[in-house]
There are 2 protein chains.
Amino acid sequence: MLLPVPTYQPKSACSSCNLAEICLPINLSEFETYKLDELSPVKRSFSRSDYLYRSGDKFRSLFAIHSGSFKTQILHEDGREQVTGFQMTGEIIGLDAISTDIHACEAVALEDSVVCELPFNKLEALSREIPTLQRHLHKIMSREIVRDQGIMLLLGSMRAEERLAAFLLNLSQRFAARGLSATQFELRMSRQEIGSYLGMKLETVSRAFSHFQAQGLISVKVRTIEIVNLAGLQACLNSSRS
Amino acid sequence: MLLPVPTYQPKSACSSCNLAEICLPINLSEFETYKLDELSPVKRSFSRSDYLYRSGDKFRSLFAIHSGSFKTQILHEDGREQVTGFQMTGEIIGLDAISTDIHACEAVALEDSVVCELPFNKLEALSREIPTLQRHLHKIMSREIVRDQGIMLLLGSMRAEERLAAFLLNLSQRFAARGLSATQFELRMSRQEIGSYLGMKLETVSRAFSHFQAQGLISVKVRTIEIVNLAGLQACLNSSRS
DNA sequence: CATCATTATTGACATATATCAAACCTGTTT
DNA sequence: AAACAGGTTTGATATATGTCAATAATGATG
């Protein structure tokens, strides 16, 4: 699989914000779980198109997506913007801001969403005390690096339809990891946003969808997608000539 | 500036491998510097085109480039490959492997080079004891994320000549940060490698070089580059229409 | 239900970049 | 010095994707 799929542990009962299970799914001793409460994360709700943070905001916290989904994007001076990712339940957002203490990109809710705010100072302090947590935090950051490099491969060496196939297969896997259908799902983002993420124009995205449908690989009804021929879609990826 | 320029502290005298100054340039107390010796990093030398590590290798250490330069690249099943970065003196390499304990990409020396091997277990243990080091490690990882996202912007929304201009300006800044000339330098990589990194074919890279030269922006003699009109080159970046 | 704004689809055409091929350097080996 | 190999430049042409424009869906609002 081209784009790495972040691990995700399905949540159990979630009283307040069940950190150990949802935000940071790792095995901890009872004592460590107790210590983790010191994070005392706050939950915050967002409506569609609300900003979780904006470019230039002071960095204080990472955010674990509790429900819903977000996009992150970079703005360039000359108005260009690039969607750098779509994040869904259980994924951590805001890692890029650690480097300068200022958010470099902005995060926008794609639907009504709830996030867990994780104050980074506390997270660092705790991860000095709990090696398992420390390692987990490092893995999360490293996984983001791997993900970004996967997108570099996609943007740098794949043609339009291959990119869209990779995108759909990645979404499929991530939905499946959350116990949802791997073959039928609702896109939360516009053609324009998909295009920005995949480095192509919205018309090209639309045409690629139509072509996949004509090939019998998927069924598209605007934002409702059904993958009809999973193997066929995967085959798109390996049919490179470059 | 589009592509972020990693901070770099020029080295002072370097007896063995002056960690605090070169690999991890941070301010530490005398005691902390002493503790840092526990890392007991080993230096290793590489010739041009030697592998520092290969895709699939077990991850044990990060590497700080002491002298020389490397490229990192991902290999895709179907033979495609994508250069994900060019690293030079003082930069840290191998962060992507933390996520799975297996190297996801491979690192190849572009010239004779020396690296400092930093055993990651020891680095983690030490960073639990030295908060400054912990924060520094987090910043290094976050900076890599920001860098990668800058490349996503470049690959996703810039045209060929803009990409090359951004690339040259980024190199220029990184050379300058090392006390070298910002306007005259030697490329360590081939047109092919530049093309892979920037998502374009080597012929397109070559044409873009020629065009810049014809515009009087740079002077190119194969791998020797002189930036004649820095402002003009920067102006290329802002002349988008997309 | 009608209207409006937004988003998506589709077509015709333009263009940036890839592809293929030849010639040209540059440094190395014999 | 000649021959060679790898890298680079340049030209002619092909093609994938962008651009512009019209139409069609979709969902929101009065």
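A crossing of two helices is called left-handed if the near helix is turned anticlockwise from the far one by less than a right angle. Keep that in mind for two of the stops below. One more thing before you start clicking: this is a predicted model.

**Stop 1: α2 and α3 in chain A**

Select residues 120-129 of chain A, which form helix α2, and add α3(A). The axes of these two helices come within 5 Å and cross at roughly 125 degrees. That angle makes α2(A) oblique to α3(A). Rotate the view until one helix lies in front of the other: α2(A) passes α3(A) in a left-handed crossing.

Now show side chains. On the α2(A) side, the contact is made by A:Phe120, A:Leu123, A:Leu126, A:Ser127 and A:Glu129. Facing them from α3(A) are A:Pro131, A:Leu133, A:Gln134 and A:Leu137. Colour this contact by class and you should find six nonpolar residues, two polar and one charged.

**Stop 2: α3 against α3, across the two chains**

Keep α3 of chain A, residues 131-157, and select residues 131-157 of chain B as well. The axes of these two helices are 9 Å apart and the packing angle is about 15 degrees. α3(A) is therefore roughly parallel to α3(B), since angles under 35 degrees count as such. Here, too, the crossing of α3(A) with α3(B) is left-handed.

Which residues of α3(A) meet α3(B)? Among them are A:Leu137, A:Met141, A:Ile145, A:Met152 and A:Leu155. From α3(B), the residues in this contact include B:Leu137, B:Met141, B:Ile145, B:Met152 and B:Leu155. A:Leu137 is worth a second look, as it also takes part in the contact with α2(A). By class, the contact between α3(A) and α3(B) has twelve nonpolar, eight polar and four charged residues.

**Stop 3: DNA strand C**

Next, display DNA strand C and the 17 residues that surround it. The closest are A:Arg191, A:Ser210, B:Ala160, B:Thr204 and B:Arg207. Sugar and phosphate make up 66% of the strand C atoms that come within 4 Å of the protein.

Try three distances here. From a polar side-chain atom of B:Thr204 to a phosphate oxygen of strand C, you should get 2.3 Å. The side chain of A:Ser206 has an N or O atom 2.9 Å from a phosphate oxygen of strand C. For a base, go to B:Glu203, where a polar side-chain atom lies 3.2 Å from a base nitrogen of strand C.

Helix α6 (202-214) of chain A and its counterpart α6 (202-214) of chain B are the elements giving two or more residues to this surface. The largest share, five residues, comes from α6(A). Overall, the surface near strand C has eight charged, five polar and four nonpolar residues.

**Stop 4: DNA strand D**

Finally, switch to DNA strand D, which 18 residues surround. A:Ala160, A:Thr204, B:Arg191, B:Ser206 and B:Ser210 are the closest. Sugar or phosphate accounts for 65% of the strand D atoms within 4 Å of the protein, and bases for the rest.

Zoom in on A:Ala160: a backbone N or O atom lies 2.6 Å from a phosphate oxygen of strand D. An N or O atom in the side chain of B:Arg223 is 3.1 Å from a phosphate oxygen of the strand. At A:Glu203, a side-chain N or O atom is 3.2 Å from a base nitrogen.

Which helix gives the most to the surface near strand D? Select α6(B), with five residues. By class, this surface divides into five nonpolar, five polar and eight charged residues.

Conventions:
Residues numbered from 1 in each chain as written. Chains lettered and ligands numbered in written order. Predicted model: local features only at pLDDT ≥ 70, side-chain atom pairs only at ≥ 80, totals over all residues. Heavy atoms only, no water. Near = heavy atom within 4 Å. Polar contact = N/O pair within 3.5 Å; in protein donor to acceptor, adjacent residues only side chain to side chain. Helix = DSSP H or I, 4+ residues; strand = E, 2+ residues; numbered from the N terminus. Nonpolar A, V, L, I, M, F, W, Y, C, P; charged D, E, K, R; others polar. Axes fitted to C-alpha atoms, helices over the stretch in contact; angles between N-to-C directions. Parallel < 35°, antiparallel > 145°, perpendicular 65-115°, else oblique. Contact = heavy atoms within 4.5 Å.
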